[in-house]
Amino acid sequence: MNLEEMRSKLWYQGVLLGGIALITSAALAYAARATEADIRAAEAADIKLSLSMVLTGKYDNDLLKDTLTLPSEQGDVLVYRARRAGKIEAVVFQVHGSGYAGKVVCMMGVNREGHITGVRIIKHAETPGLGDKVEPAKSKWIFSFDDKFLGNPVADLWAVKKDGGVFDQFAGATITPRAVVKAVKGGLIFFDKNRAQLLDASQGGKP
Amino acid sequence: MSRNLYARITRDGLWDNNVVFAQTLGMCPTMAVTSTAANGLGMGLATTAVLVVANMLISSIRHVVSEEVRIPVYIVIIATLVTLVDVSINAWAHDLYKVLGLYIALIVANCAVLGRAEAFAAKYPILPSGMDGLMMGLGFTFALTLIGAIREILGGGTLFAGAHLLLGSAFSFMEMVIIPDYKGFLLMVLPPGGFLSLGFLIALKRVIDKRNAERAAAAAASAPVELAAAAH
């Protein structure tokens, strides 16, 4: 029986589909194993990079291994802690606000004194050209949080200018900056409430 | 014959039978990524790579695959290829992945890839099939980059913004501000802008094709007269 005749038989279809599925699954399984370690390393490097962007000064521990999970109004928060010689100098954690098109996720760093060391937007789906000015590549706005703390400005002024606060909004987009300001303020309040625990060097993972 | 075949494949892929402007296939990635020219270019190039390999693979097994189960076989092969490209870029070109990552999975949803497998690779030898994949891919890249450029210029006043993320910092010279101090035209950046640009471009292609056809017809009609005149 030649190929021409076999091709129209019912059993041939099953064998063919099964064979193709087997070969492709094998290829995928092999590729998944070959790339797994590299992908994990690249993702860890990504997190490290975003951590280093919201931190100032020098630290000597591996932040990815020195974490603490605390409950907050926004659910459990994973806190990365930066130490120098064992003493906790700053903490980094994520906060989120609701923007124009879903969640706006920010990573923020706060030092021992409760001052912001930096804020970056990690994930958002805001309108390109309007709300996306919260990205440092598009505008310097996100740096206006640097060195601010609860008290500078005072709590009532932690808002965009349209709402009587001190932070700029963007032409044509108020919802996104308002969400970020509110989220960052929430983050500082979270830090304030949990200050003792966050700065307790004996808690959490070891440096 | 073979030179004619390749010339035909090239013309078809780039213009006559362009994936976007003539076949109107792959609309999902077309609308999704063409908010800037650089994004369109990146998506186009990634699709081209998949098209070439998928076409050649499918062509190489075309005698073995039976009529009845060809579609699932093609789909499985295309999906596997796209996943392989996805994980390799993620692992070994992670910076590129951060720009293109979202789009790569979309290539599976691009019916142009299955369309070429079915319409061309299943019937032709490996080399012409690879060529067809390359030309269809380049035609797709051209279309996406053009739509992206129009939307980006009208929507934001820039061109190829973010190209250095895609192609490396050597290509940052491509990033241009076409209209300085432009306030932006949001409609073009949002999905309706994609449909508007595409509609006008398809209309423009029709006009060009019609004019060419008329000119060719006129040339054919006048040729005998000229010959007759020359004879006198």
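In chain B of this predicted model, 76% of the contacts between residues at least 6 apart in sequence join residues at least 24 apart. The chain that carries these contacts has 10 helices and two strands, and its elements follow one another in the order α-α-α-α-α-α-α-β-α-β-α-α. The C-alpha trace of chain B spans about 70 × 60 × 30 Å along its principal axes. Of the 232 residues in chain B, 39% are buried.

One helix pair of chain B may be followed in detail. Helix 3 (residues 37-60) and helix 4 (residues 70-92) of chain B have axes that come within 10 Å and cross at roughly 140°. Angles over 145 degrees would count as roughly antiparallel, so helix 3 of chain B is classed as oblique to helix 4 of chain B. The crossing of these two helices of chain B is right-handed. On the side of helix 3 of chain B, the contact is made by B:Ala49, B:Val50, B:Val53, B:Ala54, B:Leu57 and B:Ile58. Helix 4 of chain B contributes B:Tyr74, B:Ile77, B:Ile78, B:Leu81, B:Val82 and B:Val85. By class, the contact between helix 3 and helix 4 of chain B comprises 12 nonpolar residues, with no polar and no charged ones.

Several of these residues recur in the largest nonpolar core, which has 52 residues; the members that touch the most others are B:Val50, B:Ala54, B:Ile77, B:Val113 and B:Ala143. Two or more residues of this core come from each of helix 2 of chain A and, in chain B, helix 3, helix 4, helix 5 (94-104), helix 6 (111-121), helix 7 (126-156) and helix 8 (163-167). Helix 3 of chain B gives the largest share of this core, 12 residues. Beyond its neighbours within four places in sequence, B:Val50 is in contact with B:Leu81, B:Val82, B:Val85, B:Ile107 and B:Val113. Another core, of 37 residues, lies apart from the largest one; among its members are A:Ile88, A:Val95, A:Cys106 and A:Val184.

Attention may now turn to the contact between the two chains. Chain A supplies 22 residues to this contact, and chain B supplies 24 residues. Helix 2 (residues 10-53) of chain A provides the largest share of the side of chain A that touches chain B, namely 15 residues. By class, the residues on that side of chain A are 14 nonpolar, six polar and two charged. Helix 2 of chain A is also among the elements that give two or more residues to the largest nonpolar core.

Definitions and conventions
Residues numbered from 1 in each chain as written. Chains lettered and ligands numbered in written order. Predicted model: local features only at pLDDT ≥ 70, side-chain atom pairs only at ≥ 80, totals over all residues. Helix = DSSP H or I, 4+ residues; strand = E, 2+ residues; numbered from the N terminus. Buried ≥ 20, exposed ≤ 12 C-beta atoms within 10 Å, placed from the backbone. Contact = placed C-beta atoms within 7 Å. Nonpolar A, V, L, I, M, F, W, Y, C, P; charged D, E, K, R; others polar. Axes fitted to C-alpha atoms, helices over the stretch in contact; angles between N-to-C directions. Parallel < 35°, antiparallel > 145°, perpendicular 65-115°, else oblique. Left-handed = near helix turned anticlockwise from the far one by under 90°. Core = buried A, V, L, I, M, F, W, Y, C linked by C-beta atoms within 7 Å.
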